[in-house]
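Student: I would like to go through the charged pairs in this predicted model. Could you explain the reasoning behind each label as we go?

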Amino acid sequence: MFSEIETQDLAQLDSGLIEILKYVAAGIKDDIQALLNPPKNRNDSIQYLLFTPENPNNVQYIEPTENFNRSSFNPSYETKILIHGYETRLKPGNIFEKIKDEMLATGKYNVIIVNWILYAIPPYPLGVFNTILVGNYVAEMIQFIMDRTGIQANRFHLIGHSLGAHLSGIVGKRISNIGRITGLDPAGPLYEIPQTLNRLFYTDAEYVDVMHTSNHLTGYGLGLYQSVGWSDFYVNGGEFQPACKKGEKFIRADGTTLKLETFLDLALCNHEIALQYFLYSIQNCKFQGTKCNRYSDLAKCSSESNPTAVMGFYSEKNQNLRPQSDFYLNTTATAPYC
């Protein structure tokens with residue numbers, strides 16, 4: 001027999017899972033319209049927002065045309081490509097702008113923010129399908145830049161959140177030797193089957209590092225819990241984040257503030273906070289994970305001097321470790337979380 005408290009917990013979990021399923025299944029009526037407007041590398045379809053040290057705040061929209069030569073893209077800079085996830089609109093003050101600002105404050109980069117919101121809206125299954133279509137076009141754009149400037153694929157670093165992480169994987173499958181892909185809590189729903197055709201995997205770039213902050217199978221998030229990178233970082237165990245508590249306020253990826261009240265609110269917080277961890281890894285924090293078999297053994301693994309790795313912006317590949325190496329770490333509950 002379940003106690004009254006256990007019964008309440010189960011009821012809350014059931015209602016939370018229903019909320020998440022509704023969120024994932026929403027928007028079926030938009031199917032036909034989306035199919036009639038397939039993605040293209042045009043400013044009225046997939047947008048590429050370029051920022052460099054020469055134009056850190058004034059966006060340049062680039063396309064694979066002759067006009068690219070008039071942009072401030074500099075072949076001597078490493079190129080960072082930021083790719084948003086499902087239903088993330090690039091409103092003023094969005095976190096991708098903040099990440100861009102932090103990057104340009106630390107070094108000379110071409111920073112490109114990919115806006116594919118027209119194809120990352122409900123219904124969710126169509127968004128999953130569109131990661132393949134849009135991923136192919138992003139690969140075409142990168143190939144255009146390589147052909148036009150002579151730079152190599154290893155000079156590109158893709159940073160994708162949620163569906164954007166898997167979209168980055170599609171790019172890596174189309175272009176060999178991409179330098180690095182960082183997956184920030186890759187989307188979980190419809191990606192559970194362990195295959196590599198349409199989801200991020202450690203073979204998609206020379207180095208693939210993945211941050212796990214939520215687990216969609218528990219109902220407390222929207223992320224994929226499986227190890228898919230060369231280095232997989234399970235933050236606070238990879239399921240629940242201490243900053244994501246009922247009644248607290250959370251700044252979402254689009255820059256808006258969300259008061260955490262519902263089960264879905266908490267799931268979104270656990271999922272999107274990966275972007276904040278990456279943001280604060282650039283200048284504020286050194287997030288260091290310890291290689292371990294499970295989160296519950298973290299203290300023991302730390303005392304045994306197990307291998308460690310830096311998570312976030314400065315993460316580097318350790319050739320002495322096998323792919324899908326799992327690292328665990330803890331954070332604090334308030335920004336910058338270290």
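Student: Why is the contact between Arg180 and Asp209 called a salt bridge?

Tutor: The closest N and O atoms of Arg180 and Asp209 are 2.9 Å apart, and because the definition asks for a side-chain nitrogen of Lys or Arg within 4 Å of a carboxyl oxygen of Asp or Glu, the pair qualifies. Arg180 lies in strand S6 (residues 180–184) and Asp209 in strand S7 (residues 207–212), so the salt bridge ties together parts that are 29 residues apart in sequence. Both Arg180 and Asp209 are buried, which means that each has a relative accessible area under 20%.

Student: What makes Arg148 partly exposed and Glu66 exposed?

Tutor: Arg148 has 30% relative accessibility, and because partly exposed covers the range between under 20% and over 50%, that label applies to Arg148. Glu66, with a relative accessible area of 54%, is called exposed because the cut-off is over 50%.

Student: How do you know that Arg148 and Glu66 form a salt bridge, and which parts does the pair tie together?

Tutor: Their closest N and O atoms are 3.3 Å apart, which is within 4 Å and therefore meets the definition. Arg148 belongs to helix H4 (residues 124–149), whereas Glu66 sits in the loop between strand S2 (60–61) and strand S3 (78–83), so the parts tied together are 82 residues apart in sequence.

Student: What makes Asp44 exposed, and how is Arg42 classed?

Tutor: Asp44 has a relative accessible area of 53%, and is exposed because this value is over 50%, while Arg42, at 42%, is partly exposed. The side chains of Arg42 and Asp44 meet in a salt bridge at 3.0 Å, N to O.

Definitions and conventions: Residues are numbered from 1 along each chain as its sequence is written. This is a predicted model: local features need pLDDT of at least 70, side-chain atom pairs count only at pLDDT 80 or more; totals for chains, interfaces and linings use all residues. Side-chain values use heavy atoms; hydrogens and water are left out. Buried means under 20% relative accessible area, exposed over 50%, partly exposed in between (1.4 Å probe, protein chains only). Helices (H or I, at least four residues) and strands (E, at least two) are DSSP runs, numbered from the N terminus.
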